[in-house]
Amino acid sequence: MKKFLHYFATLLLGCLALASCSTEGKNETVTVQTFNNAFVHVNDIEGGTAAYYGNIRYEVRINYTQPSADITIAGLKLTDGTSFPQFVIQGLKVAIDSKGWLEITGENITPRISGVSSVPVIGKIRMRIYQRYIETDYLPAFSLSMSLDNKYSIVSSYVNQYCYGSTICSSDKGLRFETKNTTYKLSFNIETRCVTVTLNKAQFMAQMPAMDMVFKNIPFTLQGSKAVFSIDKLIPELGNTPAAGFPITDLEGSLDFGGDFKFGFTCTPATMGGMAFDVEVAKGGFPPVVMEE
């Protein structure tokens, strides 16, 4: 119960930050929260086709007294050209998991849709929300997965993701360095199917000054609710300038939009006489970590 009340207090702060509403009436407590500018990946399981769409909007209404939730989706489209101006799903279950994620679920639901001749049935739906502030900005994490008519699988989230973890660096000379100060921004381009990863305060050893490094145009694919990406080699950018002295090789990573973040690569700085640093993010994910002094 304490976790639920703490989460509710955080949610109210987030709703106020977004100018969403919180209401109390008829002995019920209700919040309404919006998630704008999301992307959706629609996969036609039978036909083998898939498509990405942008500018998806969600409105999530949570009754904390019941508890229950309703989700309204605006802008949803399918691969066969069917579009739903407004897609309303009501009577969903609400819970909070052990890591503080709000989880909204349901199955075998007929949504409320106006203006269509055939209404699809939702086999299963799962939305996960993590309420958080990054410094002074309210930047929640969320993901949605859903199946329609046992034919379409749908995954949705933000194109920009902010992740944390412990960055562990080991060199081929036996040096080891660990920091929690490096943070990661992942920007997914649904048109090019590439992700750009920005490392803020990247540092591979104690003597190295922290710097912002940008890894551009890494191909990604979606596997269920997870984006998987890799590239054999790339030249990062420092201050919008290619930094050939910091070649990156063997880069691999994955992001579960409602869970864990994994990331690793090798960097061989020209100034280190050929010494190679293997970099890996441990316990990566969405909860902000305590930064080091």
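Visitor: Over residues 15–20, how many contacts beyond four places in sequence does the model have?

Guide: This is a predicted model, and pLDDT stays under 50 over residues 15–20. For that stretch, the number of contacts beyond four places in sequence is 12.

Visitor: Where in the protein chain is confidence lowest, and where is it highest?

Guide: The chain has a mean pLDDT of 89, with 90% of its residues at 70 or more. Helix α1, residues 2–17, has the lowest confidence, at a mean of 47. Residues 1–8 have pLDDT below 50. The highest confidence, at 98, belongs to β23.

Visitor: Which strand supplies the largest share of the largest nonpolar core?

Guide: The largest nonpolar core has 43 residues, and Leu186, Val197, Phe215, Phe229, Phe263 and Phe265 have the most contacts inside it. Strands that each supply at least two of its residues include β15 (160–171), β19 (211–223) and β24 (261–267). The largest share, 6 residues, comes from β19.

Visitor: How many residues are in the second, separate core?

Guide: Among the members of this second core are Ile62, Ala69, Ile73 and Met146. Its residue count is 36.

Visitor: Does threonine 266 count as buried or exposed?

Guide: Threonine 266 lies in strand β24. The cut-off for buried is under 20% relative accessible area. Because its relative accessibility is 13%, threonine 266 counts as buried.

Visitor: Which side chain does a polar contact of 2.7 Å join to that of threonine 266?

Guide: Leaving out residues up to four places away in sequence, threonine 266 touches Pro247, Ile248, Thr249, Asp250, Ala276, Phe277 and Asp278. The side chain joined to that of threonine 266 by the 2.7 Å polar contact is aspartate 278.

Notes. Residues numbered from 1 in each chain as written. Predicted model: local features only at pLDDT ≥ 70, side-chain atom pairs only at ≥ 80, totals over all residues. Heavy atoms only, no water. Core = buried A, V, L, I, M, F, W, Y, C linked by side-chain atoms within 4.5 Å. Buried < 20%, exposed > 50% of the residue type's maximum accessible area, 1.4 Å probe, protein only. Helix = DSSP H or I, 4+ residues; strand = E, 2+ residues; numbered from the N terminus. Polar contact = N/O pair within 3.5 Å; in protein donor to acceptor, adjacent residues only side chain to side chain. Contact = heavy atoms within 4.5 Å. pLDDT = per-residue confidence, 0-100.
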